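Work through the exercises below with the sequence and the model open. Try each task before you read its solution.

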Amino acid sequence: YKSQPLNHVRKYFGEKVGIYFTWVGFYTQWLMYAAFVGFVIMLYGFSTIPIHRNALADDICNTPRGRLFMCPLCDERCDFWYYQDTCNAARVLFLFDNGGTVFFAAFMSLWAVLFLEFWKRRQFVLQHDWDVLGYELAEEHTRAEFEHEIKRRIRKLETRGKDYSKYKHHNDVYERDELIQPSYEYFSKIGVA
């Protein structure tokens with residue numbers, strides 16, 4: 001196991017991406033606890049298959065009531081069937097519908113609350129360490145290379161007398177014009193890559 005180089009990610013991509021990668025790592029780490037408990041519950045379900053603790057499966061498989069005829073499952077070309085034919089399905093169903101799954105549901109509720117609270121703590125520590133406690137999206141600046149390229153394209157279109165509005169977008173939240181890359185150019189670059 002090797003920890004993520006979060007400070008390097010932050011320095012290269014910025015705080016927003018750094019916090020995202022921190023969240024992904026933190027979430028994955030916490031999912032390991034949930035996966036372990038889920039695996040133990042699944043093993044418990046597997047261990048109960050040979051033991052006759054499943055009252056529904058015992059009722060279907062081992063009693064005379066299991067020999068009941070049931071109505072056809074479809075309207076055309078379906079025959080009557082025995083209730084006992086669902087014996088194996090009832091045993092497999094007990095893997096996912098036993099007392100352990102009730103415990104797992106309660107555990108996951110507690111896990112979710114603890115995950116969120118510990119993530120808030122981790123996020124606050126990162127924001128403090130990276131000095132972005134009062135960070136607002138309005139303070140986020142456009143990458144200089146992107147801004148230079150879009151402004152170059154706008155000047156080129158202006159000299160030709162063509163419309164360059166596709167490179168500008170009015171942001172109603174911050175009440176300002178922002179430079180954008182048209183979606184057809186963006187998707188064409190992705191297609192080439």
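Three exercises on this predicted model follow.

**Exercise 1. The disulfide**

Task: Find how many disulfides the structure holds, name the cysteines, and give the handedness.

Solution:
- Step 1. Searching the whole structure turns up one disulfide.
- Step 2. Its partners are C74 and C78, with sulfur atoms 1.6 Å apart. The cut-off for a disulfide is 2.5 Å.
- Step 3. Recall that such a link is a covalent bond between the sulfur atoms of two cysteines.
- Step 4. Check the torsion about the S-S bond of C74 and C78. It is about 95°, so this disulfide is right-handed.
- Step 5. Now look at exposure. C74 has 31% relative accessibility, so it is partly exposed. C78, at 29%, is also classed as partly exposed.

**Exercise 2. I60**

Task: Is I60 buried or exposed? Place I60 in its helix and give its C-alpha distance to D85.

Solution:
- Step 1. Locate I60: it sits in helix α3, which covers residues 55–62.
- Step 2. Buried means under 20% relative accessible area. I60 has 3% relative accessibility, so it is buried.
- Step 3. Turn to D85. In sequence, I60 and D85 are 25 residues apart. In space, their C-alpha atoms are 8.5 Å apart.

**Exercise 3. A charged patch**

Task: Which residues gather in the patch of positive charge on the surface? Then describe the setting of K156.

Solution:
- Step 1. The patch brings together K156, R160, K162 and K166.
- Step 2. K156 belongs to helix α6, residues 144–160.
- Step 3. The relative accessible area of K156 is 42%, so K156 is partly exposed.

Definitions and conventions
Residues are numbered from 1 along each chain as its sequence is written. This is a predicted model: local features need pLDDT of at least 70, side-chain atom pairs count only at pLDDT 80 or more; totals for chains, interfaces and linings use all residues. Side-chain values use heavy atoms; hydrogens and water are left out. Patches are made of residues with over 30% relative accessible area and no salt bridge: like charges are joined within 9 Å, nonpolar side chains (Val, Leu, Ile, Met, Phe, Trp, Tyr) within 5 Å. Accessible areas come from the Shrake-Rupley method with a 1.4 Å probe; for residues, only the protein chains shown count as cover. A salt bridge is a side-chain nitrogen of Lys or Arg within 4 Å of a carboxyl oxygen of Asp or Glu. Lys and Arg count as positive and Asp and Glu as negative; His and the chain ends are not counted. The place of a charge is taken as NZ of Lys, CZ of Arg, CG of Asp or CD of Glu. Helices (H or I, at least four residues) and strands (E, at least two) are DSSP runs, numbered from the N terminus. Buried means under 20% relative accessible area, exposed over 50%, partly exposed in between (1.4 Å probe, protein chains only).
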